[in-house]
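Student: Could you take me through one part of this structure up close? I'd like to see how a single piece sits within the whole thing.

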Amino acid sequence: MADLPDVFLIVLDTLRKDFLPMYGGSTHTPNLEALARDSVVFQNAVAPAPWTVPTHISFISGLYAREHGVHEDEKEGGEHILEQMRAYDGPNLIERLRRKGYNAVGLSANQFMTPGSGFDRFFNVFTGWDYAPMIKTDTSVRQEATKYGTGHTEIVLSLLRRGEFGKLLEYYREYRRSHLSYQKELRAYKERGFPHLKAARQIVDAFTSSSYERPLFAFMNFMEVHEPVTEWEVLQQNAVYEILDLLSGGHVLGEGLMREIREGYKRALEALDAQIGRLLDFLRKSGLYERSLIVVLSDHGQAMKEDGHYPYYGHGAFLYPELIEVPLIVKFPGNYKIRPNEGYQSLTAIPDFIEGVIEGAMRDAVTGEVAVSEAFGSHINLRRWFEGGILPREMEGEAQRIFHSRKVIYKEGYKLVVDGTLGKIEEFKKGQTDVSQVDNREKLEDMLSELELFKGTERFIVPSKR
Amino acid sequence: MSNEAPAVNALSGRRIEGGLSLDAKVAIANVVIGDALSRFKRPFVVWSGGKDSMVVLHLVREEVKRRGISMPPALFVDHGMHFEETLQFVDKVSKDWGFQVVVARNDDALSHVKDGKICLQDLDEDNRREAREVGFNGDCFDYSLESVVGNHLLKTVAMKRAIRRYRIDALFVGIRWDENPARSWEVFISPRDDPPHVRVHPILPFTERNVWDYTLKNKLPIHPLYAKGYRSLDGKFDSKKVDDRPAWEQDLESTRERMGRAQDKEGFMETLRRYGYM
């Protein structure tokens, strides 16, 4: 067993590839670049879903979301995702590695990949960090208040009219408490600057100060570039604003703020790079670097109101390149280099690929002729927000657009996105350019056939070829 | 002594369901098909244009109509030796019935046929490994379906690649208990692990006679070579006819279906089955 390589599966959560220099970006990431020099940088990696949970289950199962069953759907959003994850008992890379003698260790700052989430049960040891510098609010008081109105004025007036003075006092106290904590948090940022690190330092500290039995399979999830990446988002409780922005067609987050967010994302990536550097230095000094298999990738990207796309900030729902085209950097044991095949790297190939390398097959088992990605609407259950009175009814029309089932297929340089709720082609591109459906009829028909085969018995309308 | 057919013919080793009516067998087939359609996400129907897979295709088609779902695609294994009539038949029926045909081909093996032979040194790693796995120790083999290695690479491996490529989780296959001892103990839904999927066998209890009765009763399209006397169709070099009467008019009960084909040889089918053939 001593000759089995250690395996690192490092998820840089929410990292889109175009910010990295290896993919044409301009962020200063010397440590990832040094790793890339010893690695194979795959150019066409596609995440199987635009958000954390379905993709992470793909990493261990090798299956797409509808195949492994852990995903949001049009009805419920992601409400039951943790139950689904706890129930998952399909193909499992980590289980197979443990049977081979691997010690499986998980270190994560992601709120879905925590001890008790269901993901942790695959590992020998799993540690989670609560990264968010979030202000805790008494949600029961807030939830109660939403019954009386959608804004402060409406709530206060309604409570006065009903003579609910006890509730009014409770609401005032809650409002004042959270307002004061905002102010406190804001002062802290003013003094010390926005903390671009979330828990990467703690994860690297924990890893480098522990002594693990080998061979080791280490899964790490770093949340640095996941929102919030600016103080504004933290103070405004980003989730609510994200949804509002998503539904209002992007009227909430202005261009100035988006510039700040893009800048914050870059700063967060730089801060993360420094911590990755500490981790890699540790491996080099301990003599573990050379012989390890190190896979650095992302579970999905981030939409930042790109031109021509539905203008929202966040991830989920759509299948734009900034959401699913992700980095994939692989350092083979012995820093072995291969030349990637033509095609796409669906991240569903990760389990087979890792097992192949462990068995000594130094070849490109990750590239295939096609890659697919699927989304089933938002992972937030918008219906609940409407029913809770938090979101205005006028936005329900827009919400319909988000609660759609979508699939994308990449093949031979072309990309086709279909909205299977409406049976409509949303995107047909060669490379990054829209192309005519009429002039590329044969190609389009072939891609529609592929999608038809992929959807199988699922209720998903593929537009007719004729 | 009774004149009933024994459940398993002691001489041939074949299992014959001789008691059930055809209607009852069709009802069983519908249960099997319905169960598979409701549990699997990406079913395909293995279809050669031959009489058995034609019956399965029709049964599946009827069941999806009843359920109001779309017809699963057909998987056609192209070993490069099909009769021209087969290719035309497949094309016509799929167009008339409106379903998608996916071709499973071992391109690597078919592109390396030289002077009627295929040599391992020319093939990719996966094909070389597959050839060794079925016990082939030579350097080259004849381009034919008559050997274990030829049948395995040109048909089984082609199918395995298609299963992986299209992420198929269930394959409907028209094998029957009475065909061959190797198929006598097959079950209705049979899990396979290389690659992981299930084989769904709706017409196991059908006899050759049942297949023709069902075909004629439901007016299914019939591959033209059956009318010319062929009883069993596959590669054009190894499917031989022994009678000029249409297949359905021949004495099916006391002559052998695969007479003259290597698949009739003892143990051949069992070996193929073990390595993933139908």
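Tutor: Sure, let's start wide and then zoom in. Chain A contains 17 helices and 17 strands. Its radius of gyration is 23 Å, close to the 23 Å that the globule rule gives for 466 residues, so chain A is as compact as a globular protein of that length. Keep in mind that this is a predicted model. Measured out along its principal axes, the C-alpha trace of chain A spans about 75 × 60 × 40 Å. Of the 466 residues, 58% count as buried. If you take contacts between residues at least 6 apart in sequence, 73% of them join residues at least 24 apart.

Now for the close look: helix α14 of chain A, residues 350-358. This helix is mostly covered, with eight of its nine residues buried. Here, buried means under 20% relative accessible area. The buried ones are Ile350(A), Pro351(A), Phe353(A), Ile354(A), Glu355(A), Gly356(A), Val357(A) and Ile358(A).

So what does the covering? For the buried residues of α14(A), the cover includes two helices you can pick out in the view, α2 (52-61) and α5 (93-99) of chain A. Strands of chain A join in too: β1 (7-12), β7 (293-297), β10 (328-331) and β11 (344-346) are among the elements that cover those residues.

Finally, follow the chain out of the helix. Just after α14(A) you reach Gly360(A), which takes a positive phi of about 95°.

How values were computed
Residues are numbered from 1 along each chain as its sequence is written. Chains are lettered from A and ligands numbered from 1 in the order in which they are written. This is a predicted model: local features need pLDDT of at least 70, side-chain atom pairs count only at pLDDT 80 or more; totals for chains, interfaces and linings use all residues. Side-chain values use heavy atoms; hydrogens and water are left out. Helices (H or I, at least four residues) and strands (E, at least two) are DSSP runs, numbered from the N terminus. The radius of gyration is taken over C-alpha atoms; the globule rule is 2.2 Å times the number of residues to the power 0.38. Buried means under 20% relative accessible area, exposed over 50%, partly exposed in between (1.4 Å probe, protein chains only). Contact means heavy atoms within 4.5 Å.
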